[in-house]
Structure formats: C-alpha cells, structure tokens
Amino acid sequence: MQAKEIVESYFEALSKGEVEKALSYLTPETKWSQPGNNKFSGIKSNLDEIGQMINGMMKDTAATMAVSKSQVEEDGFWAG
C-alpha cells in the first residue's frame, strides 16, 4: 500500500466508526499530537492512547464524529 492509500483507508475506516480498523493502519510506534486545549489534547504515545482518544471523541459526539477528506485538505494535511 502506498502512503496515500493508507491515509485514505484510515479515514474511510473512521468514517464508518471502525476505530480498531483505522488504528490497524498505524504502526505500533505511532505518536499522535492532538492540538487544542481540551481533554483530548496532548501527545498520545502509543496505539492504546490514540484509540482511547478516538473512542472518547466518538462517545462524546454520540458516534457522530466525522473527518472528511475536504476537511483534511483545508487543514493542509492531504497531499493528494
């Protein structure tokens, strides 16, 4: 899989609420820096912490959390 395909697959899984599948596209060494000043902000040092953050976001939004490709493009993270 090429990098772009991995990113697309990650966001596709998240869009379906498949957190574990989304996490499967990350390496065990992945570090995550979540911006902001809220309970989800900060550095996540492993997949468990990343999963807890995403699951917490899903819970707090009643599973309506969504990240779209257009949002990622607007934020400058998509190199499509």
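**Figure 1. Surroundings of Met 53 and the nonpolar core in the predicted model.** Beyond its neighbours within four places in sequence, Met 53 is in contact with Trp 32, Gln 34, Phe 40 and Lys 44. Met 53 is also among the residues with the most contacts inside the largest nonpolar core, together with Tyr 10, Leu 23, Ile 50 and Ile 54. This core has 14 residues. At least two of its residues come from each of H1, H2 and H3, and H3 gives the most, with 5 residues. In soluble globular proteins, nonpolar side chains tend to be buried together.

**Figure 2. Helix H3 and its buried residues.** H3 has 14 residues and covers residues 47–60. From its first C-alpha to its last it reaches 20 Å, close to the 20 Å expected at 1.5 Å a residue. Its buried residues are Ile 50, Gly 51, Met 53, Ile 54, Gly 56, Met 57 and Met 58. They are covered by elements including helix H1 (3–15), H2, E1 and E2.

**Figure 3. The two ends of H3.** At the N-terminal end, Asn 46 acts as the cap of H3. A side-chain oxygen of Asn 46 lies 3.0 Å from the backbone nitrogen of Asp 48. Just after H3, Ala 62 takes a positive phi of about 55°.

**Figure 4. Met 57 and its contacts.** Met 57 is placed in helix H3. Its relative accessibility is 14%, so Met 57 counts as buried, the cut-off being under 20%. Apart from neighbours within four places in sequence, the residues in contact with Met 57 are Gln 34, Phe 40 and Met 65. Phe 40 and Met 57 are 17 residues apart in sequence, and their C-alpha atoms are 7.7 Å apart in space. Gln 34 and Phe 40 are also in contact with Met 53.

**Figure 5. Thr 30 in the loop before strand E1.** Thr 30 lies between helix H2 (19–23) and strand E1 (32–34). Thr 30 counts as buried because its relative accessibility is 14%, and buried means under 20%. A polar atom of the Thr 30 side chain lies 2.7 Å from the backbone oxygen of Thr 27. With neighbours within four places in sequence left aside, Thr 30 is in contact with Lys 44, Ser 45, Asn 46, Leu 47 and Ile 50. Of these contacts, Asn 46 is the residue that caps the N-terminal end of H3, and Ile 50 is one of the buried residues of H3.

**Figure 6. Salt bridge between Lys 39 and Asp 60.** The structure holds 2 salt bridges. In this one, the closest N and O atoms of Lys 39 and Asp 60 are 2.7 Å apart. The pair links distant parts of the chain, with Lys 39 in the loop between E1 and strand E2 (42–44) and Asp 60 in helix H3, 21 residues apart. Lys 39 is exposed, with a relative accessible area of 63%. Asp 60 is partly exposed, at 45%.

**Figure 7. Salt bridge between Lys 16 and Glu 12.** The side chains of Lys 16 and Glu 12 meet with an N to O distance of 3.3 Å. Side chains of opposite charge can pair when their charged atoms come close. Lys 16 counts as exposed because its relative accessibility is 54%, the cut-off being over 50%. Glu 12, at 42% relative accessibility, counts as partly exposed.

Technical notes: Residues are numbered from 1 along each chain as its sequence is written. This is a predicted model: local features need pLDDT of at least 70, side-chain atom pairs count only at pLDDT 80 or more; totals for chains, interfaces and linings use all residues. Side-chain values use heavy atoms; hydrogens and water are left out. Helices (H or I, at least four residues) and strands (E, at least two) are DSSP runs, numbered from the N terminus. Buried means under 20% relative accessible area, exposed over 50%, partly exposed in between (1.4 Å probe, protein chains only). A polar contact is a pair of N or O atoms within 3.5 Å; within protein, one must be able to donate a hydrogen and the other to accept it, and residues adjacent in sequence count only if both atoms are side-chain atoms. Contact means heavy atoms within 4.5 Å. A salt bridge is a side-chain nitrogen of Lys or Arg within 4 Å of a carboxyl oxygen of Asp or Glu. The expected span of a helix is 1.5 Å times one less than its number of residues. A nonpolar core is a set of buried Ala, Val, Leu, Ile, Met, Phe, Trp, Tyr and Cys residues joined through side-chain atoms within 4.5 Å.
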